[in-house]
Amino acid sequence: MRRHTTFRQLEIFEAIARLGSFTRASEELFLTQPTVSMQIKKLTEMVGVPLIEQVGKKIQLTPDGQQLAQATREIFDILDHFTMSVAERQGLKQGKLSLMAITTASYFAPRLLGEFVKLYPGIDVSLRVTNKEQVLASIAANLDDLYFLGQPPEDIDVVATPIMDNPIIVLAAPDHPLAGKKRISLERIAQEPWLMRETGSGTRNAIERLFTGHDLNIHPRLELGSNEAIKQAILAGLGISALSRHALTLNQPDQFAELDVEGFPILRHWYAVHPAGRQLSVVARAFLDYLLGRGEGAPVATGRKI
Ligand code: PGA
């Protein structure tokens with residue numbers, strides 16, 4: 001049978017088996033009815049047993065016909081799968097990936113993207129790093145493939161995948177009197193002059209939640225709009241602060257002292273977010289799988305000097 005049966009005949013047979021009608025199969029395949037009948041006749045001759053029988057006005061498959069229908073479905077499934085995997089490989093060779101990250105995520109997002117692009121050099125990538133308001137507006141407008149955030153938006157329907165730990169740690173200048181002290185209480189640390197990020201910052205919200213949860217208030221001495229400015233102010237002896245450990249990625253290990261304060265590190269996560277209604281592209285899916293496959297988490301805070 002194999003040598004003489006054509007793909008077209010199997011396609012016609014599969015359509016008849018599925019639709020239960022020669023007429024509907026010929027319509028679906030844009031063939032005339034005599035062509036359909038002729039091809040089925042040839043197929044039946046080649047197989048050597050009846051495949052379809054007429055029962056009154058209806059047609060039905062014989063037991064052999066049912067087995068052949070099952071086999072053709074499996075063949076078509078395998079071929080569909082093959083076609084899809086070719087399309088995916090093509091997509092990964094030359095697709096586009098558009099990402100947006102909240103400012104603090106800029107400490108790790110470019111590195112991850114760089115590693116991914118090495119694996120798939122043909123992909124055209126764009127990464128925009130901006131503030132929370134603009135990230136939320138872009139999610140709502142469904143403009144990019146994936147967004148990196150420290151806190152998934154609550155009022156937009158999104159799929160949020162945690163991809164990495166994001167511990168918030170308390171930092172001081174290395175010569176700060178509290179450096180090296182054990183188990184500093186929240187009450188004590190609240191009395192220090194704090195350097196705070198701007199209102200709306202995810203880091204700031206997490207710190208404020210911790211203190212207000214213990215009926216404490218901290219009094220910002222300075223409000224600074226970036227992690228880098230905060231780090232400079234700490235080193236200038238202007239106060240202490242708490243930042244994502246990722247904000248120290250490029251700093252020397254002993255440049256700051258990490259203070260041992262109860263309630264810290266605040267354990268947060270970085271999320272890759274996309275609007276719930278958006279079907280991820282092949283490239284975006286591959287990037288997300290890549291992020292999840294890395295199993296990376298920031299190390300849990302242990303030492304005091306970092
Ligand atoms: P941010 O960081 O403090 O720069 O807003 C994002 C977050 O941690 O939620």
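These legends describe four close-up views of a predicted model.

**View 1. Strand E7 and its partner, strand E8.**
Strand E7 covers residues 194-197. Both of its faces are covered. Trp194 and Met196 lie on one side, Leu195 and Arg197 on the other, and all of them are buried. In a regular strand, side chains alternate between the two faces of the sheet. Strand E8 spans residues 220-224 and runs parallel to E7. Four bridges join the two strands. Arg197 of E7 stands opposite Leu224 in E8. Between E7 and E8 the chain passes through helix H8, residues 202-213. This β-α-β crossover is right-handed.

**View 2. The ligand and its surrounding residues.**
The shell includes Ile102, Thr103 and Thr104, together with Gly150, Gln151 and Asn166. Arg197, Ser201, Gly202 and Thr203 also belong to the shell, as do Arg268 and Trp270. Arg197 thus links this view to View 1, where Arg197 is one of the buried residues of E7. Helix H8 and strand E11 (266-275) each supply at least two residues of the shell. Three short distances involve ligand oxygen. An oxygen atom of the ligand is 2.5 Å from an N or O atom in the Thr104 side chain. For the side chain of Ser201, the distance from a ligand oxygen to an N or O atom is 2.8 Å. At Gly202 the partner is a polar backbone atom, with a ligand oxygen 2.8 Å away. Taken alone, the ligand exposes 280 Å², and the protein buries 98% of that.

**View 3. Gln9 in helix H1.**
Helix H1 runs over residues 7-19 and holds Gln9. Is Gln9 buried or exposed? Gln9 is buried, because its relative accessible area is 3%, under the 20% cut-off. Beyond residues up to four places away in sequence, Gln9 touches His4, Gln39, Lys42, Leu43 and Met46.

**View 4. Arg278 in the loop after strand E11.**
Arg278 sits in the loop between E11 and helix H10 (282-294). Its relative accessible area is 22%, so Arg278 counts as partly exposed. Leaving out residues up to four places away in sequence, Arg278 touches Asn142, Leu143, Asp144 and Asp145. With Asp145 there is also a polar contact, side chain to side chain, at 3.2 Å. Val159 is 119 residues from Arg278 in sequence. In space, the two are 9.3 Å apart, C-alpha to C-alpha.

Notes. Residues are numbered from 1 along each chain as its sequence is written. This is a predicted model: local features need pLDDT of at least 70, side-chain atom pairs count only at pLDDT 80 or more; totals for chains, interfaces and linings use all residues. Side-chain values use heavy atoms; hydrogens and water are left out. Buried means under 20% relative accessible area, exposed over 50%, partly exposed in between (1.4 Å probe, protein chains only). Two strands pair if DSSP finds at least two bridges between them. A crossover is right-handed if, with the strands pointing away from the viewer, the path from the first strand over the helix to the second runs clockwise. Contact means heavy atoms within 4.5 Å. A residue is near a molecule or strand if one of its heavy atoms lies within 4 Å of it. A polar contact is a pair of N or O atoms within 3.5 Å; within protein, one must be able to donate a hydrogen and the other to accept it, and residues adjacent in sequence count only if both atoms are side-chain atoms. Accessible areas come from the Shrake-Rupley method with a 1.4 Å probe; for residues, only the protein chains shown count as cover.
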